[in-house]
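Work through the exercises below with the coordinates open. Each task is followed by a stepwise solution.

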Amino acid sequence: MSDWIITRQRRRKELIFWGISFIIAFLMNVYSIVRYDTSWSELYSQLHIVLLISFVLYALIGIIRLVISGIVRLIRKVD
């Protein structure tokens with residue numbers, strides 16, 4: 001079994017991507033509160049949903065990053 005080493009820079013980069021996902025999900029919640037004129041208490045009462053959506057967004061961003069990385073590696077291999 002091989003040992004994986006995750007560097008500090010990599011952890012920081014992933015944390016930044018998840019933070020961006022959380023901010024996007026939070027802003028989506030603020031938009032929906034304003035758009036549908038609901039109570040501002042939903043800002044913290046729906047925080048678990050915002051957290052879940054942020055993880056889904058992080059996964060989608062991860063898939064996009066993986067596809068882009070694969071394309072870049074394929075292009076480099078062809079050259």
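**Exercise 1.** Classify Arg 65: buried, partly exposed or exposed?

Solution. Take the cut-offs: buried is under 20% relative accessible area, exposed is over 50%, and partly exposed is in between (1.4 Å probe, protein chains only). Arg 65 has a relative accessible area of 24%. Arg 65 is therefore partly exposed. Arg 10, at 40% relative accessibility, also counts as partly exposed.

The model is predicted: local features need pLDDT of at least 70, side-chain atom pairs count only at pLDDT 80 or more, and totals for chains, interfaces and linings use all residues. Residues are numbered from 1 along each chain as its sequence is written, and side-chain values use heavy atoms, leaving out hydrogens and water.

**Exercise 2.** Find how many salt bridges there are, and place them on the helices.

Solution. Step 1: apply the rule, a side-chain nitrogen of Lys or Arg within 4 Å of a carboxyl oxygen of Asp or Glu. The count is two.

Step 2: take Arg 65 and Glu 14. Their closest N and O atoms are 2.7 Å apart. Arg 65 lies in helix H3 (residues 47-78) and Glu 14 in helix H1, so this pair ties together parts 51 residues apart in sequence. Helices are DSSP runs (H or I, at least four residues), numbered from the N terminus.

Step 3: take Arg 10 and Glu 14. Here the closest N and O atoms are 3.7 Å apart. The two residues are four apart in helix H1 (residues 8-35), which means about one helical turn separates them.

Step 4: join the pairs. Arg 10, Glu 14 and Arg 65 form a network of salt bridges.
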